[in-house]
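Welcome! Take a slow look at the chain below, and then let us walk through its fold together.

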Amino acid sequence: MVYCRYNYNKNKRMKKITIFFVILALALVLSGCGSQPVTTVKQAPPDKNSLQVGIGNFDVKIQNFTFDPADINIEKGTTVVWTNEDSAPHIVVSDTDPAQSKLLSPELKTGETYNFVFDTAGKFSYHCQIHPSMKGSITVK
Ligand SMILES: [Cu+2]
């Protein structure tokens, strides 16, 4: 009889513990869902260097330590896309103050591209920062 009562109490306690853990698990799941941040897709603001901006692209290959084509004529709003097809790295930089002209690429490794939107008329001369003998120009009208 004592054994039976003990067993009964033990079962009751086990039930309580089980219910406690079920509630705890539910609470964790619910609070986990509630506190999860709402995922919002942030759209980057239009970038001056974005391919979407402008009227079109003009591709300039960097090959055999030359810009090909070196001297180009484009319309205002054209995006010039430089692609390094050399094994050596290159850096496209304006002949004039790059801080002012903003024409300054990062170091372009093989296969990497740099794009720049020319939205003001004029002639813009540039060179490779690593190999100053590499020269090019962009005439924007
Ligand atoms: Cu170079």
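## What counts as a contact

Two residues are in contact here if their C-beta atoms, placed from the backbone, lie within 7 Å. With that in hand, look at phenylalanine 118: leaving aside its neighbours within four places in sequence, it is in contact with Ile74, Lys76, Thr78, Val80, Phe124, Ile138 and Val140.

Contacts also tell us about the chain as a whole. Among those between residues at least 6 apart in sequence, 50% join residues at least 24 apart.

## A predicted model and its confidence

Keep in mind that this is a predicted model. The protein chain has an average pLDDT of 78, and 62% of its residues score at least 70. Confidence is lowest in helix H1 (residues 2–35), where the mean is 51, and highest in E2, with 98.

Two stretches deserve some caution. Residues 33–37 have a pLDDT below 50, and beyond near neighbours in sequence this stretch makes zero contacts in the model. For residues 47–53 the pLDDT is also below 50, but this stretch has twelve contacts beyond near neighbours in sequence.

## The parts list

How many helices and strands does the protein chain have? There are two helices and eight strands. Reading along the sequence, you meet them in the pattern α-β-β-β-β-β-α-β-β-β.

## The four-stranded sheet

Now find the open sheet, in which four strands line up in the order E2-E1-E4-E6 with mixed pairing. Its edges are strand E2 (66–68) and strand E6 (113–118), each of which pairs on one side only. From one strand to the next, the twist averages 25°.

Inside this order, strand E1 (residues 56–63) and strand E4 (residues 78–84) run parallel and are paired over seven bridges. One pair to look for is lysine 61 with its bridge partner in E4, threonine 83.

## A hairpin and its neighbour

Next, follow the chain to strand E7 (residues 122–128). On one hand, E7 is joined to strand E5 (residues 92–94) by three bridges, and the two run antiparallel. Here valine 93 has histidine 127 of E7 as its bridge partner.

On the other hand, E7 also pairs with strand E8 (residues 135–140), again antiparallel, through six bridges. Phenylalanine 124 finds its bridge partner in E8, at isoleucine 138. A hairpin of six residues links E7 to E8.

## The nonpolar core

Which residues have the most contacts inside the largest nonpolar core? They are Val80, Trp82, Val92, Tyr114, Phe116 and Phe118, in a core of 17 residues. E1, E4, E6 and E7 each supply at least two residues of this core, and E6 gives the largest share, with four. Over the whole protein chain of 141 residues, 18% are buried.

## A closer look at glutamate 107

Let us finish with a residue in a loop. Glutamate 107 sits between helix H2 (98–101) and E6. Is glutamate 107 buried or exposed? A residue with 12 or fewer other C-beta atoms within 10 Å of its own is called exposed. Glutamate 107 has 12 C-beta neighbours inside 10 Å, so it counts as exposed.

Exposed residues can still have contacts: glutamate 107 touches Pro89 and Ile91, not counting residues up to four places away in sequence. Its C-alpha atom is separated by 8.1 Å from that of valine 92, which is 15 residues away along the chain.

Technical notes:
Residues numbered from 1 in each chain as written. Predicted model: local features only at pLDDT ≥ 70, side-chain atom pairs only at ≥ 80, totals over all residues. Pairing = 2+ DSSP bridges. Axes fitted to C-alpha atoms, helices over the stretch in contact; angles between N-to-C directions. Buried ≥ 20, exposed ≤ 12 C-beta atoms within 10 Å, placed from the backbone. pLDDT = per-residue confidence, 0-100. Core = buried A, V, L, I, M, F, W, Y, C linked by C-beta atoms within 7 Å.
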